[in-house]
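Please find below my note on the structure that you asked me to look over. I have kept to numbered points, so that each can be checked against the coordinates.

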Amino acid sequence: MLQYLVSVCSLGAITAILVLGVNVRWGLAGELDLGFYLFPAVGAYIFGVVTLPKASTQVDVTYILGWHQSFFAGLLAAAVVGGLLSVVIGAVALRRLRANYFAIVTVACTIIGYTFISQYRPLFNGYNGIYGIAPPFGDSIKLGPEGYANFFLGICLFAMVAVFFVVELIRRSPFGRAAKAVREDEVAALAFGRNPYILRLKAYVIGGVVGAIGGALLVNYVLAFSPNAWSPLETFLLYGALLVGGTANNLGAIVGGWLVLIIFPQLSLLLPPIGGNPDALPAIQNMVIGLLIILTLYFRAAGLIPELQTMQGQFRTKGQWNWSRKGHGQVGVVDASASV
Amino acid sequence: MTNATAEAPALVVNDVWRSFGGVKAVNGCSFEVKKNSITGLVGPNGAGKSTMINLISGLLPVEKGEIVLDGEHLEGHTMDAISRKGLIRTFQVAREWPKLTVLENVLAAAPAGNREAVWRSMFGRRALARQEAVLEARARALLVRLNLTAVIDIPAGRLSGGQKRLLEFARVAMVAPKMVLLDEPLAGVNPVLGDELARAIHGLRDDGATVILVEHNLGFIERNCDTVIVMATGQVIGQGSMQDLRTNKAVVEAYLGQA
Amino acid sequence: MHALWLGLGFGLVTASVLAISTVALSLQFSVTNFPNFAHGEMMTIGAYASYSTYQATHNVFFALGGAVLAGVITGFLINRLVISPFRRRNTAGLTLFVLTIGLALILQNGVLWIYSGNAQRLAIDPGQPHHVGGLLLTTQEMAIIVGAVLLLFGIHLLLRHTSFGRAQRAVAESPTLAEASGVNSGRIIDQTWLLTGGLTGLAGFVLALTTGSLTPGMGFSFLLVVFAAAILGGIGQPYGSMAGALVVGLAMEMGAVYIPSDYKLVVAFMILIVALLFRPQGLVPSKRLAAA
């Protein structure tokens with residue numbers, strides 16, 4: 001039981017990273033990217049082929065690279081490729097397209113990617129996918145299976161917290177503020193000298209890198225990856241989690257990821273089995289997530305942990321830059337009676 | 001007017017053209033704006049004032065002609081590039097960033113410099129903090145000047161129409177622009193706030209900006225503008241003080257006669 | 001050369017399915033101003049409804065009626081239960097779009113729950129092949145093509161020559177203006193949902209006829225092809241949609257003559273992306289930008 005919990009929590013931490021990635025794009029920059037799952041998938045594949053040995057030694061399996069590199073090299077490669085792919089897709093799709101059409105193009109790109117990865121075997125072994133990925137640090141760390149599971153949970157939780165800190169720093173920074181300004185009113189941002197295309201593209205790339213890192217961890221969790229393991233539809237579930245948790249709030253993204261994609265499905269396993277076919281339970285789970293999207297938008301559009309928090313009856317943006325309260329408060333003392 | 005020719009104008013608009021699907025909105029428009037002046041731009045509806053503002057600020061591309069700010073050509077540049085050259089515009093509807101607080105709105109309007117580089121959100125944060133603190137002090141001072149201290153931490157979307165206008169002035173002042181284009185700043189504002197907005201406009205001029213003011217309220221124009229440009233059917237038909245224009249036959253016929 | 005004729009035949013059939021579905025999407029978009037992401041699922045529901053009706057009655061026309069009825073009911077329910085409550089609050093179009101993503105999840109998984117993920121076969125006999133010019137078409141395929149042409153002509157008559165059509169076009173142009181000239185735009189929107197629901201259900205049935213098998217994801221896979229045709233023709237414009245459907249349908253099937261047919265969808269998506277990037281009409285400028 002405890003081992004099961006450890007495993008579920010590892011998946012929870014990875015899922016939360018993916019939702020954080022969606023949040024950078026949709027929450028921070030307002031990019032309705034419905035093709036997000038392409039980036040975790042590419043991260044997973046790249047991690048796989050960088051850490052796996054050459055394909056030619058195995059029977060009837062083909063994939064590129066096969067560099068047999070370390071965990072960190074795989075992670076780095078996944079992040080770099082995720083970022084580069086974001087630059088390519090973002091540079092085209094963000095250039096001229098507005099919300100609805102951008103969304104449609106991102107889904108189209110993801111399905112194109114999905115088709116190529118499934119059909120073109122030399123890339124990532126086509127529909128059979130890659131497998132046999134070694135558990136990270138499995139050789140160097142002498143732990144039993146249970147100890148190792150705990151160790152892997154530690155890696156995932158550490159990664160989740162690290163990603164959270166980075167995206168939170170970004171959100172609170174002048175860059176984050178500018179990205180939000182573009183999200184709120186693009187023309188006003190133009191009028192004040194910002195280039196919305198560049199700001200959006202940067203956020204898109206950051207989101208892609210976070211997604212690819214999440215995907216690299218995911219392939220360490222499942223130790224294999226094939227088109228069966230992901231579908232373009234997964235993106236909608238991530239959006240469901242983010243909307244419920246609180247769009248544009250990184251804490252909300254983590255809470256939403258855990259609640260909607262981990263705790264809720266796990267609890268629903270405890271229910272008495274529902275008759276019908278083996279697809280019934282996952283189907284009903286996804287229906288509930290769809291329903292949650294609609295109910296959240298109707299009753300609590302800002303989500304469980306909103307971007308804007310009420311404090312003593314006043315609204316304020318949580319975690320804004322308040323440098324003056326950290327000892328700079330007296331810079332340029334203000335004469336309130338100064339004539340205008 | 002003799003003094004004006006001695007000093008180079010802040011803005012030169014030379015034979016600018018623009019049409020929309022065959023309809024000429026601005027046809028051969030030329031005028032000059034004196035440095036550090038408050039210049040009114042008036043005319044009947046459909047005269048091409050808004051189009052002119054959109055052309056100068058780069059929201060619309062110019063078909064033909066030149067627009068020169070302080071010796072720099074603006075035509076052919078995008079709105080953000082023109083803004084970085086020191087020309088800031090406002091809109092008929094105040095365009096705050098609703099989910100940013102009032103203070104954040106002002107800070108986000110300040111010239112970006114290199115503060116908005118992504119790597120700076122992670123590395124060298126102390127230096128960034130110092131830069132931000134200087135800007136924040138300036139922003140707070142501006143918000144005090146404009147009576148917005150009580151709402152400083154409130155999302156700007158919650159402000160009243162008049163407060164949003166004042167916030168816009170704070171954002172413009174934060175840039176310390178060479179030139180400001182104000183597109184009907186009194187629109188949708190309680191008339192009681194008129195004097196406050198007039199003070200804000202003069203404040204921008206006192207800070208060194210040249211102001212162009214598009215407005216329908218001629219009384220407001222007369223009280224606040226040094227010189228007035230009158231447009232009708234896409235062309236400039238007169239320029240001068242309000243008193244001069246009252247004796248200008250073309251202007252009276254096209255515009256003032258209706259009032 | 002023979003293969004190309006074959007591709008042309010398949011292309012006409014695919015274009016027929018596509019045209020019905022795309023016109024429905026466009027009509028719905030023209031009055032509601034957001035693309036319905038659950039449109040594919042409405043097709044899926046139509047397809048499965050025809051499957052169940054056919055299993056029960058073994059009558060093609062009952063199957064067709066079942067699909068249309070299921071589509072009308074789904075359109076009615078989506079509009080009444082989900083879209084209307086948000087519309088009353090003047091919810092932004094982008095939020096409504098996100099809303100239809102939730103809806104797509106619910107509908108697609110509802111089908112998965114009831115019918116399971118196993119492919120079902122709609123065993124309707126396609127009839128004898130006939131030579132038509134250089135084409136080789138089954139009776140069924142000919143019926144689909146002729147039926148689609150007649151249906152689209154009917155829609156043309158409906159839009160041009162009935163009071164509903166005039167009101168519908170007025171609302172599509174500008175709901176406010178239409179209201180001002182005495183059109184009840186709310187009612188027109190409701191009626192448009194019924195019409196497009198029926199058409200979408202029918203398109204689902206025809207899609208199932210042409211592919212022969214049904215899966216819960218069939219409509220979703222087809223959705224982006226529909227978007228490609230709609231955007232190529234100018235989304236919200238029923239006549240453009242018909243032309244877009246013809247181009248995309250032919251390109252997909254005739255392309256499949258030269259490249260592996262697994263990449264058929266890729267052809268459609270490339271058209272979609274290129275259309276969006278190079279056809280300014282396909283791009284809707286933000287309203288606030290236009291107002292500035």
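The points below take up the interface, then the salt bridges, then the strands of chain B.

1. On the basis of the note: this is a predicted model, in which local features need pLDDT of at least 70 and side-chain atom pairs count only at pLDDT 80 or more, while totals for chains, interfaces and linings use all residues. Residues are numbered from 1 along each chain as its sequence is written, chains are lettered from A and ligands numbered from 1 in the order in which they are written, and side-chain values use heavy atoms, with hydrogens and water left out.

2. On the extent of the interface: 50 residues of chain B are in contact with 44 residues of chain A, contact being taken as heavy atoms within 4.5 Å. The area buried between the two chains is about 4,300 Å², and carbon and sulfur atoms give 64% of it; buried area here is the accessible area (1.4 Å probe) that two parts lose on being put together, summed over both. Of the area that chain B buries against chain A, B:W97, B:K99 and B:E116 supply 15%, more than any other three residues.

3. On polar and charged pairs across the interface: the rule finds 3 salt bridges between chain B and chain A, where a salt bridge is a side-chain nitrogen of Lys or Arg within 4 Å of a carboxyl oxygen of Asp or Glu. In one salt bridge, the side chains of A:R177 and B:E132 meet at 3.0 Å, N to O. Between the chains, 11 residue pairs are in polar contact, both residues being at pLDDT 80 or more; a polar contact is a pair of N or O atoms within 3.5 Å, and within protein one must be able to donate a hydrogen and the other to accept it, with residues adjacent in sequence counting only if both atoms are side-chain atoms.

4. On which parts of chain B touch chain A: the elements that give two or more residues to this side are α3 (79–84), β6 (87–89), α4 (102–109), α5 (125–145), α6 (161–175) and α7 (194–206) of chain B. Helices (H or I, at least four residues) and strands (E, at least two) are DSSP runs, numbered from the N terminus. The largest share, 11 residues, comes from α5(B). By class, the side of chain B that touches chain A has 28 nonpolar, 4 polar and 18 charged residues.

5. On a salt bridge between two loops: the structure holds 24 salt bridges over all chains, among them that of B:D70 and B:K178, whose side chains meet at 3.9 Å, N to O. B:D70 lies in the loop between β4 (64–69) and β5 (72–73) of chain B and B:K178 in the loop between α6 and β7 (179–183) of chain B, so the pair ties together parts that are 108 residues apart in sequence. B:D70 counts as partly exposed at 35% relative accessibility, and B:K178 is partly exposed as well, with a relative accessible area of 34%; buried means under 20% relative accessible area, exposed over 50%, and partly exposed in between (1.4 Å probe, protein chains only).

6. On buried salt bridges: B:R89 forms a salt bridge with B:D183, the closest N and O atoms being 3.4 Å apart, and this pair links strand β6 to strand β7 of chain B across 94 residues. B:R89 counts as buried at 3% relative accessibility, and B:D183 is buried with a relative accessible area of 3%. In a further salt bridge, B:K164 and B:E96 have their closest N and O atoms 3.5 Å apart. B:K164 lies in helix α6 of chain B and B:E96 in the loop between β6 and α4 of chain B, so the pair ties together parts that are 68 residues apart in sequence. Both B:K164 and B:E96 are buried.

7. On the open sheet: 4 strands of chain B have the order β2-β1-β4-β5, with antiparallel pairing, and two strands pair if DSSP finds at least two bridges between them. The edge strands are β2 (23–33) and β5 of chain B, each of which pairs on one side only. β4(B) and β5(B) pair over 2 bridges, and B:L69 stands opposite B:E72 in β5(B).

8. On β3(B): in this strand (residues 38–42), 5 of its 5 residues are buried, with B:I38, B:G40 and B:V42 pointing one way and B:T39 and B:L41 the other. β3(B) pairs in the parallel sense with β8 (residues 210–214) of chain B over 4 bridges, where B:G40 stands opposite B:L213. Another 4 bridges join β3(B) to β9 (residues 227–232) of chain B, also running parallel, and there the bridge partner of B:L41 is B:I229.

Conventions
Nonpolar A, V, L, I, M, F, W, Y, C, P; charged D, E, K, R; others polar.
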